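This briefing is meant for a reader who is meeting the structure for the first time. Please keep the sequence and the model at hand while reading the points that follow.

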Number of protein chains: 2
Amino acid sequence: MMRYISCMCAVLGLFIFCHIANAGGGAGSNWTSSQANVSDDSAPSSETVLPVPYPSGFRTWQHVKSMVIHHKKHPLYDAFAGIHHIYADKKATKALLENKRFPRGAQIVFDLFSIRDKDGAMTESSRKFTAVMVKDDKKYASTGGWGWQAWVGGDRRSPALKSRSEQQACATCHEEVQSKGLVFSQWRD
Amino acid sequence: MMRYISCMCAVLGLFIFCHIANAGGGAGSNWTSSQANVSDDSAPSSETVLPVPYPSGFRTWQHVKSMVIHHKKHPLYDAFAGIHHIYADKKATKALLENKRFPRGAQIVFDLFSIRDKDGAMTESSRKFTAVMVKDDKKYASTGGWGWQAWVGGDRRSPALKSRSEQQACATCHEEVQSKGLVFSQWRD
């Protein structure tokens, strides 16, 4: 249960917070925000980042659950330290509630805030990033049937994943919950 | 900001967790769940607990924000230790978004979970209680224009506030944010 969200993608976090521009290799190395969906030579390749839209309006989606990663002894501390919330859109919520397969278009958001820890209480400070996984078996066949992206500071002009290999890393981590459709979070009342 | 929720009512928490049957005095002392809205002599009095309905379906309401009270040095630790989430129904959400007066019927929920702290991460464990404040200037004139109640373990058969004085204690604590309509939580994106 502690790992109910585990990593949406540990590599994602490393990319965001460590700014390792070339960690994913390939087309991502020369990427800028305006080139998010275009490879270096303007021709699609296996390294071309797959376009994933920013999840507009996710703050009004269903709150699924929350978790706090607060100590460096947690294996995902470097990537995901903070208070995070999981939100699901209507399609994803229905699948979670009914414990069924996620349909095409279903979206789940992972919204991470840094922690303000003071006087015995942790509150949400600034947003570190907003990440999404969106289901489409055809469009995202090469990344586990889900599209993956994150935006630093929640800024839709600042996508963090810069190559398909970075997106594939997300899927690889989520394979731990293959039986749950690659989704760590389960419904609670 | 640390006190953005502060106490929905410190006395509420004490009643729930310390089981101080007579702390509020008056009719509450002989209260049972089946007598929640009836005073000792079956005649309304200033001590008769005001009926407040359980907020059915609140889990689908707008998630406003969350907070973790994790150490006894926090003044509300005894009452509210845990991970809590604030949810608002449509009326309350609109008022929060527009920073306007809360209309009649607006409801805000405070949903508290105990903490499972393991390997550097805090996750939600069992539900400690679900509390609500519902706006009605006439019906709840004696308790700040809001009706207050909480249910131990989130069980609608187990209301926690047993007298009007206990409900008044909630309002008294919330007077700290009189300028915000007695609501601690403010909207964040």
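Which residue in E1(B) does Thr123(A) stand opposite? In this predicted model, the residue of E1(B) that stands opposite Thr123(A) is Met67(B). The strands concerned, E4(A) and E1(B), run antiparallel and are joined by 3 bridges, and the points below begin with the two chains before turning to elements within chain A.

**How the two chains meet**

- The contact between the chains involves 28 residues of chain B and 28 residues of chain A.
- On the side of chain B that touches chain A, strand E1 (62-69), strand E2 (82-88) and strand E4 (121-135) of chain B each contribute at least two residues, and the largest share, 7 residues, is that of E1(B).
- By residue class, this side of chain B that touches chain A comprises 10 nonpolar, 10 polar and 8 charged residues.

**How the two copies are related**

- A turn of 180 degrees, with a shift of 0.0 Å along the axis, lays chain B on chain A with an RMSD of 0.0 Å, and the two copies are therefore related as by a two-fold rotation axis.
- Both copies use the same surface, given that 100% of the contact residues of chain B recur in chain A.
- Among the residues of chain B, the one that comes closest to the rotation axis is His63(B), whose C-alpha lies at 3.0 Å.

**Helix H3 of chain A**

- Helix H3 of chain A covers residues 90-98, and its buried residues are Ala92(A), Ala95(A) and Leu96(A); seen down the axis of H3(A), these buried residues fall within an arc of 100 degrees, so they line one face of the helix.
- The buried residues of H3(A) pack against three strands of chain A, namely strand E1 (62-69), strand E2 (82-88) and strand E3 (107-118).
- On the face of H3(A) that is turned away from the buried side, the exposed residues are Lys90(A), Leu97(A) and Glu98(A).
- After H3(A) comes Asn99(A), a residue with a positive phi, near 55 degrees.

**Strands E4 and E5 of chain A**

- Strand E4 of chain A, which spans residues 121-135, pairs with E5(A) in the antiparallel sense over 7 bridges, and within this pair Val132(A) has Gln149(A) of E5(A) as its bridge partner.
- Strand E5 of chain A, spanning residues 146-152, is mostly covered, with 6 of its 7 residues buried.
- E4(A) thus appears in two pairings described here, one with E5(A) and one with E1(B) of the other chain.

Terms used: Residues numbered from 1 in each chain as written. Chains lettered and ligands numbered in written order. Predicted model: local features only at pLDDT ≥ 70, side-chain atom pairs only at ≥ 80, totals over all residues. Buried ≥ 20, exposed ≤ 12 C-beta atoms within 10 Å, placed from the backbone. Helix = DSSP H or I, 4+ residues; strand = E, 2+ residues; numbered from the N terminus. Pairing = 2+ DSSP bridges. Arc of directions from axis to C-beta. Contact = placed C-beta atoms within 7 Å. Nonpolar A, V, L, I, M, F, W, Y, C, P; charged D, E, K, R; others polar. Least-squares fit on C-alpha atoms with pLDDT ≥ 70 in both.
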